[in-house]
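Student: I'd like to look closely at one part of this protein with you. Could you show it to me first, and then take my question from there?

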Amino acid sequence: MVPVYLKPVRILGIETSADETAAAVVEDGQLLLSNVVASSIEMTARYGGIVPEIAARSHLESITPVIDQALKDSGSKWSDIDAIAVTRGPGLGGSLLIGTLAARSLALAKNKPLYGVNHVQAHIYANFITQASPALAQTYKLPPKSPQFPLLALVVSGGHSQIVHMKSHQHYQLLGKATDDAVGEAFDKVARLLGLPQPGGPSIAQAATSGDPAVFKLPSPTTVNPYDFSFSGLKTAVLRRLQALCGQSYDFPSGQIPALLSKQQVADMAACFQSTAVSILENKLKKAFEEYRPSSVLLAGGVAANQTLRARLSAALPVPPLYPDIKLCTDNAAMIASLAFFRPDSQAEATSLEIDPGLKM
Ligand code: KG4
Ligand code: ZN
């Protein structure tokens, strides 16, 4: 049941679970009024991945200006904000602490209800944002309609690969999850093997545009539960093919591979890896569709930004999958505010809201 209120409800969302410091204001879980994201992505690229201490320090510097900007962009005063929602897990402990401490302090100081939100569930709720203020409408391409229950959601990010079945806002059934590397993590690791910049998803997608996806045959690992995901074998298969291409043996250091590859070999391997990863996701989602016959299929998480994935799923499924604007696929706080609206049972006391870095679905 969606809650019914006498007036529109404005929620300020705050997200700091990884390397993005984000704040957003969303009305009634679906109308985007502002969406501010400050990223330490250049640091992530420079160090080849997230450094937890650097991410936490960067959140500390950005959190106040980001929240101020989100309020300003939305045209809201504090008196217009009805509640605050914040990610409490899963994520990096130090990063989560900065966001939750900011949210707790503001909830106490401004006397607002506080919601502690699960980051992975929230990715699904980016799909419930279907309208934007006139100021944002030009720059956001939002789903044409709200998702209908029952639904299937494919959540694919740097930390998670999941297929979720939902009969209502309160009912989550985790059909399958990553048994080793998440799919986004595999994109990031393969990008590193190819000498492409981080985050690996966009750079592999870009390199793949000039590659041939049929040049290398890569394996699709099987899993005991047909809805679980295993991507570490695929990543290792890429490593072995690259070592062989360079005329080297299994113990050749991966860091020395990129210097020995031609631009075309990089493009071809990027295209083959992307195509194989997308096929794995496509086959599992098709199987789940046949079993659960949902009314809507949603894509969520950073990898949902991948155009090949979107195109292949649109062609493969009987109902066209819904997906958020690219800016709402990767980490953002609008999805946090949306989930808190639709799941008001997640309310927490401002004095006692605790982080949970390993929070489960
Ligand atoms: O959801 P997200 O922003 O953060 C997590 O919660 O993990 O997802 C980040 C992940 C990274 O692994 C990144 O490489 C991947 O999403 N990603 C993509 C694309 N854009 C981002 N993967 C494939 N294709 C893309 N276009
Ligand atoms: Zn995420």
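Do β1 and β4 pair in the parallel or the antiparallel sense, and over how many bridges? Please take me from that pair through the sheet around it, and on to whatever follows along the chain.

Tutor: Gladly! Please keep in mind that this is a predicted model. β1 and β4 pair in the parallel sense, over 4 bridges. To find the pairing by eye, start at Ile11, whose bridge partner in β4 is Ala83.

Now let us place that pair in its sheet. The sheet is open and has 7 strands, in the order β6-β3-β2-β1-β4-β5-β11, with mixed pairing. At its edges stand β6 (131–132) and β11 (347–348); each has a single partner strand, so one side of each is left without a neighbour in the sheet. As a reminder, strands of a sheet pair through backbone hydrogen bonds, either parallel or antiparallel.

The mixed character shows up when you follow the neighbours of β1 and β4. Strand β1 (residues 10–15) pairs with strand β2 (residues 20–27) in the antiparallel sense, over 6 bridges. A good landmark there is Arg10, which stands opposite Glu27 in β2. Turn to β4, and its pairing with strand β5 (residues 114–118) is parallel, over 5 bridges. Here the bridge partner of Ala85 is Tyr115 in β5. Strand β4 (residues 83–89) is largely enclosed by the rest of the structure, because 6 of its 7 residues are buried.

Next, follow the chain out of β4. The peptide bond from Gly89 to Pro90 is cis, with omega near -15 degrees, and Pro90 lies in the loop between β4 and α3 (93–110). The loop between α3 and β5 holds Asn111, which has a positive phi of about 60 degrees although it is not a glycine. Asn111 counts as exposed because its relative accessible area is 68%. Both features deserve a second look, because most residues other than glycine have a negative phi, and most peptide bonds are trans.

From here we can go on to the metal. Helix α4 (residues 119–125) contains His119, one of the protein donors of the zinc ion (ligand 2). The protein donors are His119 (NE2), His123 (NE2) and Asp331 (OD), at 2.0 to 2.1 Å from the zinc ion. Along the chain, the donors follow the spacing H-x3-H-x207-D. His119 and Asp331 therefore link distant parts of the chain: they are 212 residues apart, with Asp331 in the loop between α11 (326–329) and α12 (334–342). Both residues are buried, His119 with a relative accessible area of 5% and Asp331 with 14%.

How should you describe the geometry? The 4 donor atoms of the zinc ion (ligand 2) make angles of 95 to 142 degrees. A tetrahedral site would need all angles between 85 and 135 degrees, so the site counts as irregular.

Asp331 also brings us to ligand 1. A polar backbone atom of Asp331 is 3.0 Å from an oxygen atom of ligand 1. 20 residues surround ligand 1, and the closest are Gly158, Asp188, Gly201, Asn306 and Asp331. Backbone atoms of other residues approach ligand 1 as well: a backbone N or O atom of Gly184 lies 3.1 Å from an oxygen atom of ligand 1, and a polar backbone atom of Gly159 is 3.3 Å from one.

Asn306 makes a fine last stop. Asn306 sits in the loop between β10 (296–300) and α10 (307–316), and it is buried, with a relative accessible area of 8%. The side chain of Asn306 makes a polar contact of 2.9 Å with the side chain of Gln274. Beyond its neighbours within four places in sequence, Asn306 is in contact with Phe187, Ala205, Gln274 and Val278.

How values were computed: Residues numbered from 1 in each chain as written. Chains lettered and ligands numbered in written order. Predicted model: local features only at pLDDT ≥ 70, side-chain atom pairs only at ≥ 80, totals over all residues. Heavy atoms only, no water. Donors = N, O, S within 2.8 Å, 3.2 Å for Na, K, Ca; no water. Tetrahedral: all angles 85-135°; square planar, octahedral: opposite > 155°, others 65-115°. Helix = DSSP H or I, 4+ residues; strand = E, 2+ residues; numbered from the N terminus. Buried < 20%, exposed > 50% of the residue type's maximum accessible area, 1.4 Å probe, protein only. Polar contact = N/O pair within 3.5 Å; in protein donor to acceptor, adjacent residues only side chain to side chain. Contact = heavy atoms within 4.5 Å. Near = heavy atom within 4 Å. Pairing = 2+ DSSP bridges.
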